[in-house]
Amino acid sequence: MRFGSSIDPPNRFERAHREDDFEHLDEDDIADVQGLPVHVEYYADQSKSIVTENQSPDIPFRYSLNPYRGCLHGCSYCYARVSHEFLGLNSGIDFETKIIVKEDAPQLFRQFLSRPKWKPEPIVFSGVTDCYQPAEARYQLTRQCLEVALKFRQPVSVITKNALLIRDLGLLSELADQNLLHVHLSITTLDTELGRAMEPKTSTPAARMAAVEKIADAGIPVGIMMAPIVPGLTDSEIPAILETAKNAGAQSANYIMLRLPLNVETVFLDWLARERPSHAEKVESLIRQMREGKTNNSKWGQRMTGTGVFADQIRNMFAVFCTKFGLARRLERQDCSRFQIHEEQNGQLRLF
């Protein structure tokens with residue numbers, strides 16, 4: 001089984017960490033130990049809430065819902081990796097193999113929407129890890145949460161790298177029929193081999209484009225995200241990705257520039273040296289050029305797009321081809337006026 005990370009970087013919150021020590025083994029024994037299979041484990045989460053509010057001016061939504069923590073997709077660049085450290089785990093292989101499952105997500109979502117003070121506005125599935133990651137095939141928490149949204153007529157947006165969302169095409173169509181849904185497919189490359197190396201367990205680029213086509217054919221508002229653009233590795237694909245997305249039926253497009261906060265830098269640069277050594281020096285140099293000499297710049301207004309000459313070139317190129325292919329627009333706003341009070345879990349209606 002292929003993973004995005006091959007390392008266990010130290011957790012910045014823990015005083016102790018584990019390191020492999022093979023000094024007492026001979027070469028054959030070392031090979032045997034390093035070749036041991038890595039198993040994916042799922043852990044039940046007992047969270048008491050499911051919807052998160054953010055205050056960042058860089059993020060175009062206020063509320064998000066995340067049924068899972070950690071992600072088997074294993075994208076080497078994923079900014080969410082550092083969130084696993086809050087759980088006492090590491091942002092490398094643990095993030096991909098120790099998946100936290102919020103089994104009460106549908107009930108918690110229903111409770112959230114039933115609050116008297118809730119004034120409906122769109123909620124994004126997911127703001128952190130992918131809501132249609134492989135765990136969803138087993139637990140179906142995203143589907144159940146979407147069913148709750150439909151009952152309440154709650155507007156939602158879905159962002160994913162996984163064509164698994166086509167499983168729920170009927171449900172998505174019902175939401176879209178009432179102007180309650182946006183769908184965004186994240187497409188970083190059209191190169192199948194690069195995609196498999198960089199995003200080991202996501203759907204292939206072709207499968208994601210096919211999902212865009214099926215979503216569009218069903219009359220569902222759909223856009224794409226190049227999230228992230230990896231300078232020196234995928235930026236040259238901007239015109240081709242946008243043209244292919246337009247031909248598949250996408251209506252809008254946007255992008256995020258690669259950023260490497262905290263241990264994401266360790267994981268990604270290790271992946272880069274291992275999988276694309278001929279590109280490593282150039283890619284890291286370009287990242288630093290766009291991040292004021294660092295690999296990450298957390299300043300608002302800069303962290304999603306970067307700064308400097310190369311960042312400006314990418315911004316301008318993306319804008320030019322979005323305009324050329326008719327993707328330089330936002331999807332129609334979802335309809336928040338349809339939201340309706342629904343029965344509480346005990347069957348009683350709210351008075352107010």
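Start with the whole chain in view: of the contacts in the protein with a separation of 6 or more, 80% are between residues 24 or more positions apart. What you have open is a predicted model. Colour by secondary structure and you should find twelve helices and ten strands. Switch to colouring by accessibility, and 53% of the 352 residues turn out to be buried.

**Stop 1: the seven-stranded sheet**

Select E2, E3, E6, E7, E8, E9 and E10. In the order E2-E3-E6-E7-E8-E9-E10, these seven strands form an open sheet with mixed pairing. Look next at the two ends: E2 (51–53) and E10 (252–257) are the edge strands, and each has a single partner strand, so one side of each lacks a neighbour in the sheet. As you step across, the twist from one strand to the next averages 25°.

As a reminder while you browse, strands of a sheet pair through backbone hydrogen bonds, either parallel or antiparallel. For a parallel example, zoom in on E8 (residues 181–186) and E9 (residues 222–229), which are joined by four bridges. Which residue of E9 stands opposite His184? Select Gly223 and you have it.

Now add helix H3 (residues 105–113) to the selection. H3 packs on this sheet, where it touches E2, E3 (63–65) and E6 (123–125). Compare directions too: that of H3 makes about 170° with that of E6.

**Stop 2: two cis peptide bonds**

Stay with the end of E6 for a moment and show the backbone. The peptide bond from Phe125 to Ser126 is cis, with omega near -5°. Ser126 lies in the loop between E6 and helix H4 (135–139).

Then move to E9, the strand that holds Pro228. Here the bond from Ala227 to Pro228 is cis, with omega near 0°. Both spots deserve a pause, because most peptide bonds are trans.

**Stop 3: the three-stranded sheet**

Hide the first sheet and select E1, E5 and E4. They form an open sheet in the order E1-E5-E4, again with mixed pairing. Its edge strands are E1 (41–44) and E4 (68–69), each pairing on one side only.

Put E5 (residues 98–101) at the centre of your view. Towards E1, four bridges join the two strands, which run parallel. Towards E4, two bridges make the link, and there the strands run antiparallel. Which residue of E5 should you click to see a bridge partner of Tyr43? Choose Ile100. Ile100 is also the bridge partner of Arg69.

With the side chains of E5 displayed, check which way they point. Lys98 and Ile100 go one way, Ile99 and Val101 go the other way, and all are buried.

**Stop 4: helices H5 and H6**

Select H5 (residues 141–152) and H6 (residues 169–177). The two helices pack at an angle of about 25°, and their axes are 10 Å apart. H5 and H6 are therefore roughly parallel to each other. Turn the view to follow the crossing, which is left-handed.

To display the contact, pick these residues:

- from H5: Arg143, Leu146, Glu147, Ala149 and Leu150
- from H6: Leu171, Leu172, Glu174 and Leu175

What mix of residue types makes up this contact of H5 with H6? Six are nonpolar, none is polar and three are charged.

**Stop 5: two residues with positive phi**

Finish with a look at backbone torsions, bearing in mind that most residues other than glycine have a negative phi. Just before H5, select Gln140, which sits in the loop between H4 and H5. Phi of Gln140 is near 55°, a positive value in a residue other than glycine. Is Gln140 buried, partly exposed or exposed? Its relative accessibility is 34%, so Gln140 counts as partly exposed.

For the last selection, go to Glu292 in the loop between helix H11 (277–290) and helix H12 (309–324). Glu292 is not a glycine either, yet has a positive phi of about 55°. With a relative accessible area of 46%, Glu292 is partly exposed.

Definitions and conventions. Residues numbered from 1 in each chain as written. Predicted model: local features only at pLDDT ≥ 70, side-chain atom pairs only at ≥ 80, totals over all residues. Heavy atoms only, no water. Axes fitted to C-alpha atoms, helices over the stretch in contact; angles between N-to-C directions. Parallel < 35°, antiparallel > 145°, perpendicular 65-115°, else oblique. Left-handed = near helix turned anticlockwise from the far one by under 90°. Contact = heavy atoms within 4.5 Å. Nonpolar A, V, L, I, M, F, W, Y, C, P; charged D, E, K, R; others polar. Pairing = 2+ DSSP bridges. Buried < 20%, exposed > 50% of the residue type's maximum accessible area, 1.4 Å probe, protein only.
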